[in-house]
There are 2 protein chains.
Amino acid sequence: MTGGKPVNDGASRLARFGRHASLGYQVNLLARLLEQALRRRIAAHGVVPGQFPALLALYEREGRTQTELCHLVRIEQPTMANTLNRMQRDGLISRGPDPADGRRSLVELTARGRALRPALVAAADSVNADATGGLSDVEVQNLMDLLSRVVENLDSGGPDQHPAVAT
Amino acid sequence: MTGGKPVNDGASRLARFGRHASLGYQVNLLARLLEQALRRRIAAHGVVPGQFPALLALYEREGRTQTELCHLVRIEQPTMANTLNRMQRDGLISRGPDPADGRRSLVELTARGRALRPALVAAADSVNADATGGLSDVEVQNLMDLLSRVVENLDSGGPDQHPAVAT
DNA sequence: GTCTATTACATAGCAAGCTATACGCGACGA
DNA sequence: TCGTCGCGTATAGCTTGCTATGTAATAGAC
C-alpha cells in the first residue's frame, strides 16, 4: 500500500500551521460561504439552498419517491422528509400516493416549481462561476478531481453503501 | 481583466454534467462527511465538532472574549454564544467577568477542557490524514491552495471585512 | 393464510449555522 | 451631568443536518 509516490504522512499540519490550514476548517468555511452566496441569489424566488438538490433531481425526472431522492442527493431520510415538507408548504412540490405501493408517495413539481428551473440553474452557475473566478479551466477540473478523491476516501464502506438509483 | 490564461467561462457545468459536478454540491457533501468523521472520533471525549474551532483558539491563548473568538473562527456572534453555552454546560469552559469592561466576559478552559487537547488534536489530524489518504504532499498542498483561492473569491468585501485579532 | 421481517415514511430531539432584534454597559460630546 | 451612540452579549426564530425511534404497509417464509 506504500507506493513509490511521496504520500502525505499525516503529521500534525494543524499543530504546525494552526487551524486555518486544516482541511476540515477550510472546507466547512467554504461550504458556508457557498451556501450564503446561493441563498442571496435565490431568496427573491422564495427558494432556499437546502431545497436545491431535491429540485435539481426533480427537474431531471418527476414522480420520485422520498427514498429515491435521499439516495440521489446523499441526504438522510428524516432530513429529506423535513425539506420536502417545507417545499410543499412553499408551493414547490406536491405529494401524491403511489398506486403501486401504499407506503410510498410520489413527489411532483408544481407549476411554480417547474417555472423556476432556468432562474435557479442560472443562480447556481453564477455562484460556481464567482467561486472559481480567476481559476483556469484546468485548475477548476483539478479542484473537482481532488475533492472527489477526498470524498471517496471518507465515503464509508465503499460504493455498495449507496445503491444505484434511476437518474 | 481578461488575462492571457484560459479562464473558466462559467458555462453551465451543472446543466452539462449534473449536480454531482457542481462545486457547491461537492463541497457541501465533503463538509458533512468531514464533520461526521470528526464527530465519531471525538464523541467518546464528550466534545462535538462545533466546539472544535473555539477549543483550538483557546488552546493558543485563554481569556479571550466572545467577539474575539467569533473573528478567529469566522462564525457569527449568536452562533458562538450558543456554542459557548453548550461548552459551559459540558464543562469545557468557564466564563468570568472582564474587570476592565463590564460588557465583556472572558472565556477560560476548565481543567477538563485543557486535558483534552492532545486527544482532540490527534483526532483532527487523523481525520485529515484519512481524508487525504492516497494524495501526495504536493496534491494536498495544491488542494489547500485552490480552496484558499475559492474562499477568497467569496469572502465579501476584501480582507478589511475581518479585522485582525490577536492570535 | 398467517407471522415475521423489511421497507417507506413520520416524528422527536439535538447541534450548528444564519438574520434580526433587544438590552446593558461604556465612551464621549454638548 | 446627561443624552446619545457604539459595542458586547443575549434571545428569538428560522433552516439544514444528524441519530434514534415509531408506525404502517408490503414481501416472504412457512
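**Two protein chains and two DNA strands: a walk through the model**

Let me start with a detail in chain B, where strands β1(B) and β3(B) run antiparallel and are joined by 2 bridges. One residue pair in that arrangement is B:Arg64, which stands opposite B:Val107 of β3(B). Please keep in mind throughout that what you have in front of you is a predicted model.

Those two strands belong to an open sheet of 3 strands in chain B, with the order β1-β3-β2 and antiparallel pairing. The edges of this sheet are β1, residues 64–65, and β2, residues 93–98, each of which pairs on one side only. As a general reminder, the strands of a sheet pair through backbone hydrogen bonds, in either a parallel or an antiparallel way. Lying across β2 and β3 of chain B is the helix α5(B), which runs at about 115 degrees to β2(B).

I would like to stay for a moment with one residue of that edge strand, B:Thr65, whose place is in β1 of chain B. Is B:Thr65 buried or exposed, or something in between? The answer is that B:Thr65 is partly exposed, because 17 other C-beta atoms lie within 10 Å, whereas a buried residue would need 20 or more and an exposed one 12 or fewer. If we leave aside its neighbours within four places in sequence, B:Thr65 is in contact with B:Arg104 and B:Leu106. By contact I do not mean anything like its relation to B:Val27, since B:Thr65 and B:Val27 are 38 residues apart in sequence and 31 Å apart in space, taken from C-alpha to C-alpha.

Still in chain B, helix α3, which covers residues 52–60, is mostly covered, with 7 of its 9 residues buried. The buried residues are B:Phe52, B:Pro53, B:Ala54, B:Leu55, B:Leu56, B:Ala57 and B:Leu58.

Turning to chain A, we find 8 helices and 3 strands, and from the N terminus on the elements follow one another as α-α-α-β-α-α-β-β-α-α-α. Of the 167 residues of chain A, 31% count as buried, and among the chain A contacts with a separation of 6 or more, 46% involve residues 24 or more positions apart. Chain A, too, has an open sheet of 3 strands in the order β1-β3-β2 with antiparallel pairing, and its edge strands are β1 (64–65) and β2 (93–98). Between β2(A) and β3(A), which run antiparallel, there are 6 bridges, and on that side of the sheet A:Gly96 stands opposite A:Leu106 of β3(A).

How, then, do the two chains relate to each other? A rotation of 180 degrees, with 0.0 Å of shift along its axis, superposes chain A on chain B with an RMSD of 0.0 Å. The two copies are therefore related as by a two-fold rotation axis. The same surface serves both copies, in that 100% of the contact residues of chain A recur in chain B.

As for the interface itself, 55 residues of chain A are in contact with 55 residues of chain B. On the chain A side, the elements that give two or more residues are α1 (13–17), α2 (23–42), α3 (52–60), α7 (117–131) and α8 (137–154). By residue class, that side of chain A divides into 31 nonpolar, 14 polar and 10 charged residues.

That leaves the DNA. Around strand C there are 24 residues, and the closest are A:Pro78, B:Val48, B:Gly50, B:Pro78 and B:Gly102. The elements giving two or more residues to this surface are α2, α4, α5 and β3 of chain A, together with α5 and β3 of chain B. Which element gives the most to the surface near DNA strand C? It is α5(B), with 4 residues, and the surface as a whole divides into 6 nonpolar, 11 polar and 7 charged residues.

Around DNA strand D there are 25 residues, of which A:Val48, A:Gly50, A:Gly102, B:Gln66 and B:Pro78 come nearest. Here the elements with two or more residues are α5 and β3 of chain A, along with α2, α4, α5 and β3 of chain B. The largest share, 5 residues, comes from α5(A), and the residues near strand D divide into 6 nonpolar, 12 polar and 7 charged.

Note on methods. Residues are numbered from 1 along each chain as its sequence is written. Chains are lettered from A and ligands numbered from 1 in the order in which they are written. This is a predicted model: local features need pLDDT of at least 70, side-chain atom pairs count only at pLDDT 80 or more; totals for chains, interfaces and linings use all residues. A residue is near a molecule or strand if its C-beta atom, placed from the backbone, lies within 6 Å of it. Ala, Val, Leu, Ile, Met, Phe, Trp, Tyr, Cys and Pro count as nonpolar, Asp, Glu, Lys and Arg as charged, and the others, Gly among them, as polar. Two residues are in contact if their C-beta atoms, placed from the backbone, lie within 7 Å. Two strands pair if DSSP finds at least two bridges between them. Axes are lines fitted to C-alpha atoms, for helices over the stretch in contact, and angles run from 0 to 180 degrees between N-to-C directions. Copies are superposed by least squares on the C-alpha atoms of residues with pLDDT of at least 70 in both.
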